[in-house]
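Trainee: I should like to learn how a structural model is read, feature by feature. May we work through one together?

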Amino acid sequence: VAVMDTRLTQGALGGMIYLGVFASVGSYVVWNFGVRRIGAGPASLFQYLIPVFAAVLSVLLIGESIYTYHLIGAVLIVAGIWVANARRFPWQRPGAT
């Protein structure tokens with residue numbers, strides 16, 4: 001049976017501070033800025049981009065592979081956000097032929 005070393009190292013402490021400050025507080029500040037700029041409804045749609053950014057960062061940071069289904073999913077997510085944020089399509093505008 002392997003025994004795990006559970007001492008708090010400087011690296012572990014630095015990692016916890018980084019996650020607490022940048023990932024938690026930073027994302028909260030940026031999210032509130034976005035909500036203030038475009039409103040809660042449209043801003044909530046951008047949460048669907050989290051998997052897209054996760055896939056891109058996993059490729060860049062840890063060398064994961066991107067497959068066709070990842071790209072199809074990203075295109076569907078972006079298209080869904082575009083459709084949900086479109087005020088009116090050209091055929092729905094008054095006076096459009």
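Mentor: We shall take the fold, the surface, the pocket and one residue in turn. Please keep in mind that this is a predicted model.

Trainee: How many helices and strands does the chain have?

Mentor: The chain contains 4 helices and 0 strands. Followed along the sequence, the pattern is α-α-α-α.

Trainee: What percentage of the residues count as buried?

Mentor: Of the 97 residues in the chain, 7% are counted as buried. The accessible surface of the chain amounts to about 8400 Å², and carbon and sulfur atoms account for 69% of that area.

Trainee: How does one find a pocket?

Mentor: Rolling a probe the size of a water molecule over the atoms shows where empty space is left. Here, the largest pocket has a volume of about 450 Å³.

Trainee: Which residues lie nearest the centre of the largest pocket?

Mentor: They are S27, V30, W31, F46 and I50, from a lining of 17 residues. Helix α1 (10-38) and helix α3 (50-62) each contribute at least two lining residues. The largest share, 10 residues, comes from α1. By character, the lining comprises 15 nonpolar residues, 2 polar residues and no charged ones.

Trainee: Why does N32 count as partly exposed?

Mentor: Partly exposed lies between the cut-offs of 20% and 50% relative accessible area. N32 counts as partly exposed because its relative accessibility is 33%. This residue is placed in helix α1. N32 is 11 residues from A43 in sequence, and their C-alpha atoms are 9.3 Å apart in space.

Conventions
Residues numbered from 1 in each chain as written. Predicted model: local features only at pLDDT ≥ 70, side-chain atom pairs only at ≥ 80, totals over all residues. Heavy atoms only, no water. Buried < 20%, exposed > 50% of the residue type's maximum accessible area, 1.4 Å probe, protein only. Areas by Shrake-Rupley, 256 points an atom, 1.4 Å probe, with all protein chains shown as cover. 1 Å grid on protein atoms, 1.4 Å probe; cavity = no way out; pocket = protein on both sides within 12 Å on 5 of 7 lines; lining within 4 Å. Points joined across faces, edges and corners; volume = space filled by probe spheres on them. Nonpolar A, V, L, I, M, F, W, Y, C, P; charged D, E, K, R; others polar.
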